[in-house]
Amino acid sequence: MATVELSNLRKTFGTFTALESLNLHVDDGEFLVLLGPSGCGKSTTMRLIAGLEEPTSGEILIGGREVTNTPARDRNLAMVFQNYALYPHMTVGENIGYPLKIARVSRTEREAQVRTAAAKVEMDNLLTRRPSELSGGQRQRVALARAIVRTPQLFLMDEPLSNLDAKLRTVMRAELKHLQKELATTTIYVTHDQVEAMTLADRIVILNDARIQQVGTPSEIYANPANTFVASFIGSPPMNLIKGEIRAGVFKHAGGEISLARQPEGKATLGIRPEDISVADGQADLAGQVYSSELLGDSTLLNIRSGEELIAVKAGPEEGRGMNEPINLVFDPAKIAIFEDGSGERRSK
Ligand code: ATP
């Protein structure tokens, strides 16, 4: 187990900056998820921590020890990637035991450790199979067992579940979370899937354009997104962002008006999550027309057209509506966020 400290970490490729000065502390035993869209710098951060890439500037400490220029093999970490990279000619047992073989662990000790690691991912009854005889989920479990067999001080996982189908991914996600808590090994996990990040992480780091946008627990980030990028990246569907203008304590937008006391005048964006909007009979914060109504089983997702925008509303399962019906909506005033025009930063309440 170990803490990880990244100080002013920067990476450029020629004139291109893949990572701006990044500062981050990862706690001992923490499950930290790096989340962001393609190209935001997630894998670069991971490769720098792993020692597969050298930073342009900055420092990396693992377990309090500076490793900025230490080769990957001397960092005592294990990696799990999207492509499991199993050796096809080796059995499951040989694949799992390979890191121990490299480390010259004796055969008997190796066999015992392989059995323990394989049992943790429920693969101990398939040790003599070859990777070609396994399902995708089983292969991913072998890759996990191979990572845990050496009891490293740090796990680095880069989209390890993305090759699996949706159902298996959900199962493996729960297993991975359980296993990480059981082993209590510090884990840094990269994904572009916000559901995976929300469900797995102790804390999430949201990256965009080579910069950290926000660091926080899943519930902090969901309830209080720092800016419009985070607001529109987290949640399914994400937070509604409605453009408008504040004049004399009233936010005017294409679909109506909302009183907002104590807010500075001028253009702004109002943020509200789909579940914090309800359908109203009388006076409304927004009047629009039903664009679509989708029954999701436990709820109905309504998309409401308001001017140029579509507003998502999570309503009860009985609240389905016909297309183009006029509809009035009210927003929970306690859940409204106001973002600056231009910078997109959230204003404090
Ligand atoms: P994805 O989810 O698509 O893997 P990512 O967030 O992991 O994206 P990175 O792989 O960290 O993104 O890449 C960040 C940026 O740096 C990208 O724009 C990428 O094109 C660029 N980049 C990465 N490696 C190199 C390289 N060796 N040479 C030049 N540019 C690179």
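1. A good place to start is helix α3, where the buried residues are Arg110, Val114, Ala117 and Ala118. Buried here means under 20% relative accessible area, exposed means over 50%, and partly exposed lies in between (1.4 Å probe, protein chains only). Seen down the axis of α3, these residues fall within an arc of 95°, so they line one face of the helix; the arc is that of the directions from the helix axis to the C-beta atoms. An α-helix has 3.6 residues a turn, so residues three or four places apart point the same way.

2. Before going on, please note that this is a predicted model, in which local features need pLDDT of at least 70 and side-chain atom pairs count only at pLDDT 80 or more, while totals for chains, interfaces and linings use all residues. Residues are numbered from 1 along each chain as its sequence is written, and side-chain values use heavy atoms, with hydrogens and water left out.

3. Back to α3 itself: this helix covers residues 107-120, has 14 residues and reaches 20 Å from its first C-alpha to its last, close to the 20 Å expected at 1.5 Å a residue. The expected span is 1.5 Å times one less than the number of residues. Helices (H or I, at least four residues) and strands (E, at least two) are DSSP runs, numbered from the N terminus. The buried residues of α3 pack against α2 (92-102) and α4, with contact meaning heavy atoms within 4.5 Å. After α3 comes Glu122, which has a positive phi, near 55°.

4. Helix α4 (residues 136-148) also lies across β6 and β7, running at about 170° to β6. For such angles, axes are lines fitted to C-alpha atoms, for helices over the stretch in contact, and angles run from 0 to 180 degrees between N-to-C directions.

5. The strands under α4 belong to an open sheet of six, ordered β6-β7-β8-β3-β9-β10, with mixed pairing. Its edge strands, each pairing on one side only, are β6 (77-81) and β10 (211-216). Two strands pair if DSSP finds at least two bridges between them; β6 and β7 (residues 154-158) have five, in the parallel sense. Val80 stands opposite Met157 in β7. Helix α5 (residues 166-183) lies across β3 (31-35), β7 and β8 (186-191), at about 155° to β8.

6. A second open sheet has four strands in the order β2-β1-β4-β5, with antiparallel pairing. Here the edges are β2 (16-26) and β5 (65-66). Seven bridges join β1 (residues 4-13) to β2, and Leu6 stands opposite Leu24 in β2. Helix α1 lies across β1, β2 and β4 (57-62), at about 115° to β1.

7. Is Thr45, in α1 (residues 42-50), buried or exposed? At 1% relative accessibility, Thr45 counts as buried. Leaving aside neighbours within four places in sequence, Thr45 is in contact with Leu6, Leu19, Leu22, Leu34 and Leu207. Its side chain also reaches the backbone oxygen of Gly41 at 2.7 Å. This is a polar contact: a pair of N or O atoms within 3.5 Å, where within protein one must be able to donate a hydrogen and the other to accept it, and residues adjacent in sequence count only if both atoms are side-chain atoms.

8. Finally, look at Ser293 in strand β16 (residues 286-295). At 30% relative accessibility, Ser293 counts as partly exposed. A polar atom of the Ser293 side chain lies 3.2 Å from the backbone nitrogen of Arg321. The C-alpha atoms of Ser293 and Gly14 are separated by 49 Å, with the two residues 279 apart along the chain.
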